[in-house]
Amino acid sequence: MELFDTRVAVFGAPGRYIQGRGAIHLVGDCAATIGARAVLVVDAQIRHLVAGLIGESCKLASVEITVLPFEGELTRQTGADLRRLLTADPTLVIAAGGGRAIDAGKALASLSDCGLITVPTVASNDAPTSKNFVLYDERHRLVEVGHLLRNPDFVVVDTELLISAPKNLFRAGLGDALAKKFEADACMARGGTTLFMARPTRLAQAIASHCYDTLISAAPGAWRSLDAKTVTEDFDAAVEAMILMAGLGFESGGLSLPHAMTRGIPVLPGADVVAHGLQVAWALMVHFEVLGVEPPSELVELYRLTGLPLSLADLGLSEQTDEALAELAEATVGARHVHNLPFSLQPSALTAAIRRVEERETNRRKSA
Ligand SMILES: [Zn+2]
């Protein structure tokens, strides 16, 4: 349900955002401000890393906790499936893990209309701060975006946990976050609509822009700190940009072609395994091409340093047929964020832009 329309500009945010080393120990105190009985939806893969810590902190705060490990695909059924495992509606959901477990927790919280604390354990996306959650079909095609009535009550980001997360997940989060400035700019220029179905706010656009600037300066250092597994100032700054700034920036600033393309890219053979953030990163290159502007050189440099995809070949999806690209383009122009462009985009213009990006990158490689 959406409350707003384009007569108003809306800024949404979580109740509290908490980031730092050892922040996970604060989850119990945060939970206690909402209710005495919590359900922890946790990514089954990292349950051993966080369930004990969260359980301990809840115990100290006199909050009872039920643990629901989550794995597999996130579908329209996920919320109801999780709800069936409980004897009563929870007063509070704590969602811990990467994008899917967080969104699974949101789906449950949405169904139960209860409090929500998100505890991202990787910086792979900006789901933790937002009210949105994405649902897929069995072929990992994005089929629906769900909306909570409110943003999470608390977002607890423990940088000590995140520094140990796999580098490829950090790369994906970086790709997702870097696009936000250009999407918010496009949405504002068009007078488009945000995730609140409202006008974008200037503040969110400024946040998306600061997200980009922060990552351009801090991401190289953060990338190196992942090897040393040491939380540095750069890492702390990059995490804040990738989770907090990117989240606020897109939700109240608006999205554009890169995220519209995440509706189309999964139709390509082999694309179902490509992380959301990597899809967005490549789609940003197509976004520049569609707008007829060069990607900023500092951005391309950061892509090269961190292995973000500049081409379909980088995504492992080279040599696509015209039919496959046409299908991608059709699905993309049917996505709502595509309207946040300065002109109406024809599928043929999108496929032509994709071909030009591919050709340019292939030529650049040959001459390198
Ligand atoms: Zn995204």
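## Exercises on a predicted model

Arg 365 and Asp 314 form a salt bridge in which the closest N and O atoms are 2.3 Å apart; the model is a predicted one.

**Exercise 1.** Determine where the partners Arg 365 and Asp 314 sit along the chain, and which further salt bridge Arg 365 forms.

*Solution.* Begin with the elements: Arg 365 belongs to helix 14, whereas Asp 314 lies in the loop between helix 12 (297-306) and helix 13 (322-333), so the pair, 51 residues apart, links distant parts of the chain. Next consider accessibility, for which Arg 365 counts as partly exposed at 42% and Asp 314 counts as partly exposed at 32%. Arg 365 also forms a salt bridge with Glu 361, with the closest N and O atoms 3.8 Å apart. Because Arg 365 and Glu 361 are four residues apart in helix 14, about one helical turn separates them. Glu 361 is buried, its relative accessible area being 3%. Finally, a network of salt bridges links Arg 304, Asp 314, Glu 361, Arg 364 and Arg 365.

**Exercise 2.** Identify the helices that are linked by the salt bridge between Glu 289 and Arg 360, and state whether each residue is buried or partly exposed.

*Solution.* The two side chains meet at 2.8 Å, N to O. Glu 289 is in helix 11 (residues 276-291) and Arg 360 in helix 14 (residues 347-367), 71 residues apart. With a relative accessible area of 14%, Glu 289 is buried, while Arg 360, at 24%, is partly exposed.

**Exercise 3.** Describe the donors of the zinc ion and classify the site by its angles.

*Solution.* The zinc ion is coordinated at 2.1 to 2.7 Å by two OD entries of Asp 176 and by the NE2 atoms of His 259 and His 276. The angles among the four donor atoms run from 51 to 140°; since a tetrahedral site would need all angles between 85 and 135 degrees, that class is ruled out, and the site is irregular. Asp 176 in helix 6 (residues 167-178) and His 259 in helix 10 (residues 257-261) are 83 residues apart, and both are buried.

**Exercise 4.** Characterise the contact between domain 1 and domain 2.

*Solution.* The domain assignment gives domain 1 (16-165) and domain 2 (168-367), and each contributes 30 residues to the contact. About 2,600 Å² is buried between them, with carbon and sulfur atoms giving 59%. Ala 123, Asp 126 and Ile 163 supply 24% of the area that domain 1 buries against domain 2. The count of salt bridges between the domains is one.

Methods:
Residues are numbered from 1 along each chain as its sequence is written. This is a predicted model: local features need pLDDT of at least 70, side-chain atom pairs count only at pLDDT 80 or more; totals for chains, interfaces and linings use all residues. Side-chain values use heavy atoms; hydrogens and water are left out. Donors are N, O and S atoms within 2.8 Å of the metal (3.2 Å for Na, K and Ca); water is not among the atoms, so sites may look incomplete. Four donors count as tetrahedral if all angles lie between 85 and 135 degrees; four count as square planar and six as octahedral if opposite donors are over 155 degrees apart and all others between 65 and 115; anything else is irregular. Helices (H or I, at least four residues) and strands (E, at least two) are DSSP runs, numbered from the N terminus. Buried means under 20% relative accessible area, exposed over 50%, partly exposed in between (1.4 Å probe, protein chains only). Domain bounds come from an automatic or database domain assignment. Contact means heavy atoms within 4.5 Å. Buried area is the accessible area (1.4 Å probe) that two parts lose on being put together, summed over both. A salt bridge is a side-chain nitrogen of Lys or Arg within 4 Å of a carboxyl oxygen of Asp or Glu.
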